[in-house]
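This briefing covers selected side-chain and backbone features of one structure. The topics are a loop residue, the aromatic rings, the ligand and its surroundings, and two backbone angles.

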Amino acid sequence: MTVPELADVHAAWLPPEAFQAVGERHTLVCGDGPLVRTALAEVAQACRRHGGTVRHLPASMGDDPPAGDDPPTGADGSFDLVLAVSRTGRPDHDGFELARAAGVTRVVADGPAGLLYGLFHVVRLGAAAFGADRPAEQHRPAMRRRMVNHWDNVAAHPVMGQVERGYSGGSIFWRDGALRTDLTRVTAYARLLASCGINAVSVNNVNVHATEALLLTDRLEDVAAIAALFRPYGIRVHLSVSFAAPVTLGGLNTADPLDARVRAWWARTTARVYGTIPDFGGYVVKADSEGQPGPFAYGRSHADGANVLADALAPFGGVVDWRAFVYNHRQDWRDRSTDRARAAYDHFAPLDGEFRDNVHLQVKHGPIDFQTREPVSPVFAAMPATRVAVELQVTQEYTGQQRHVCYLAPMWSGVLGFEPWRDGRSVAGIAAAGGGLVAVSNVGDDRFWTGHPLAQANLYAFGRLAWSPRLDAATILDEWIDLTFTPSATGEPDLLRRTLHALMDDSWQTYERYTAPLGIGFMVRPGDHYGPDVDGYEYSPWGTYHFADRDGVGVDRTRASGTGFAGQYPPAWAAVYESLEDCPDELLLFFHHVPYGHVLHSGVTVIQHIYDTHFAGVEAVTGARRLWERLPAGLVDLALHARVGDRLDEQLRCAREWRDQINTYFFRKSGVPDARGRRIF
Ligand code: GCV
């Protein structure tokens, strides 16, 4: 096993320097199997570069992992680091214990995956892992399943391209209708994912087009080839499949989930998948959504649909990730009783308890669609008898498309920490007990992986939050900075760290300030979803309205006079969102239609808030750009510096465009001038 180093691709958060503390020491790796061999290869590579040594002790040759006080002697008589798989641990738990005593740092893992995670944790700690003694710390992931979904097409889609909502170049798996011939990049990606704890990946778009559908059958070998590269890093491969596959691939005249022939087809097809990929993870399904086929065509429920796939996967330990993103995208604006925000709850809550145990109901974190600000989906609290997974979007479809800096960890922390019943039980806990955390990936074949180099931090943060949802966003950012950037001998100490925090810590709120106000969402250009177009979706059937007129703006989602969406929450939150007085400012227009003169908790009117935040947002971006320009040469890689600089230029241009269009729009609608007399076109 060799650890790839790609000459022309940025190493992201695993540059060789990150391994220095491990690589210059003497390490003993105890245990067997492919994941232990991966850890061994990682350490060996680091030692070759930094001068240390590594020895392997297969479990069959030793007893229990060597004790901290008395590690076995190596060529030079001692070890600084011992990585071992416990004989008594729970191998499926992925956890490890880390301690330092008598000059030895010891990682004792529950199983081989835990050993690999333990090694990456030592890498993260760097020299600190080898300093003073430290009492035993237990590290165990909160979520058993930590998954990324790729919206990658095998054959480039005429509108969506090779990666749907991808902002980082082409797919790292697929190109021009085929599996790439050089897959070294996939191994490099597997390392990055494993190092932040991710253990599952789906490799094709949830919108399954004709070529991609074949991955399940005729082109299964392609999936097997990818699985072989992820396996050494403890990552299982999943596949998005089409609900209509029994018809389109199997030649049946129906995909009715209750038809015996359909059930048999899924069972047969799935058995073949496991014959080829024994550790295959399972299926991801987008059904009855945005044109994808589903059980509604046969008068069946989504539980019927999911269960037929679940039954086929169950004998092999596979799971179905069944997406709850089901809504009517052909809406009539006059029909105020239909509310896209209500849809997931209305479709799925009545089915609670009807899904098989190996179905994960994958629910987007907000009720609409990955907007910059949405309330947390009420579905999380509504399905106690279902294994629910929380879906996040690392790819920045609505948050600046990796042309804008937008560090999303603070938003995700808010989602995971949300307590639907306000009683200590959080969304993170619901996901941990259910299907875990899932996110749409933001990588592509771009040299910096993510288009905007700083967007790498979002992928890293997703993995870390799936492991440990309570980690603080700024702490995660520090981890990412420490791993990614080599400390420089030049410049003020910590200047780079301070600059990155200044650019990134509040970047999500900055983005929110210059885009759609107070939780109303959208106002983006239809189709590509980049840049402002206040009425772009207002006169379309997608159900994403703001209802601005000369008197006011916002969607009435109260029970009293609106769509009733507020009533989908447990009482403690339903009452807060229902009430104009109590509703948090940032979600006001999501829940209420108010006059422009409505005074927010902050003390300013809605219209003045719109003006103030849009000017403030642009000022923040101007400041960020200036800070980046002032970084002394040599503090970061020149190409990376240039790429971030270019993106900041574009961010500033676009932020100004947002500011001017939003401010002018609302000035013209309301006729209310800016209290501070600033220029509004
Ligand atoms: C994969 C949004 C995006 C679509 C995406 C869809 C989904 O509507 O714009 O590109 O389709 O969400 O999550 O399925």
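**Briefing on selected local features**

E419 is found in the loop that runs between helix α12 (409-417) and helix α13 (427-433). The model is predicted, and its local features are reported only where pLDDT is at least 70. The points below begin with this loop and continue with the aromatic rings, the ligand and the backbone.

**The loop at E419**

- With a relative accessibility of 30%, E419 counts as partly exposed, because that class lies between the limits of 20% for buried and 50% for exposed.
- E419 and G429 stand 10 residues apart along the chain, and 9.4 Å separates their C-alpha atoms.

**Aromatic pairs and cluster**

- A pair of aromatic rings is described by two quantities, the distance of the centres and the angle of the planes.
- In this model the count comes to 31 aromatic pairs.
- The rings of W266 and Y283 have centres 5.7 Å apart and planes at 55°, so this pair is tilted; the angle falls short of the 60 degrees over which a pair counts as edge-to-face.
- This pair links distant parts of the chain, since W266 belongs to helix α8 (residues 260-276) and Y283 to strand β14 (residues 282-285), with their positions 17 residues apart in the numbering.
- Both members of the pair, W266 and Y283, are buried.
- Y665 and F666 form an edge-to-face pair, with 5.0 Å from centre to centre and 75° between the planes.
- Y665 counts as buried because its relative accessibility is 14%, and F666 is buried with a relative accessible area of 0%.
- One aromatic cluster is formed by F418, F565, Y569, W573, Y577, F590 and F591.

**Charges over rings**

- R340 lies over the face of Y327, at 3.8 Å from the centre of the ring.
- K364 places its charged end over the ring of F325, 3.3 Å from the ring centre.

**The ligand and its surroundings**

- The ligand is surrounded by 15 residues, of which the closest are E164, K286, R323, K364 and E397.
- By class, the shell around the ligand consists of 4 nonpolar, 3 polar and 8 charged residues.
- An oxygen atom of the ligand lies 2.5 Å from a polar side-chain atom of E164.
- For N207, a polar side-chain atom is 3.2 Å from an oxygen atom of the ligand.
- In the side chain of E290, an N or O atom is 2.8 Å from an oxygen atom of the ligand.
- The ligand exposes 340 Å² when taken alone, and the protein buries 97% of that area.

**Positive phi angles outside glycine**

- W449 has a phi near 70°, a positive value in a residue other than glycine.
- The place of W449 is in the loop between strand β18 (436-440) and helix α14 (456-467).
- W449 is buried, because its relative accessible area is 4% and the class requires a value under 20%.
- H529 also has a positive phi, near 65°, and is likewise a residue other than glycine.
- H529 is located in the loop between helix α17 (507-514) and strand β19 (552-553).
- With a relative accessible area of 5%, H529 is buried.

Technical notes:
Residues numbered from 1 in each chain as written. Predicted model: local features only at pLDDT ≥ 70, side-chain atom pairs only at ≥ 80, totals over all residues. Heavy atoms only, no water. Phe/Tyr/Trp six-rings, centres within 6.5 Å; stacked < 30°, edge-to-face > 60°. Helix = DSSP H or I, 4+ residues; strand = E, 2+ residues; numbered from the N terminus. Buried < 20%, exposed > 50% of the residue type's maximum accessible area, 1.4 Å probe, protein only. Lys NZ or Arg CZ within 6 Å of the ring centre and 35° of its normal. Near = heavy atom within 4 Å. Polar contact = N/O pair within 3.5 Å; in protein donor to acceptor, adjacent residues only side chain to side chain. Areas by Shrake-Rupley, 256 points an atom, 1.4 Å probe, with all protein chains shown as cover. Nonpolar A, V, L, I, M, F, W, Y, C, P; charged D, E, K, R; others polar.
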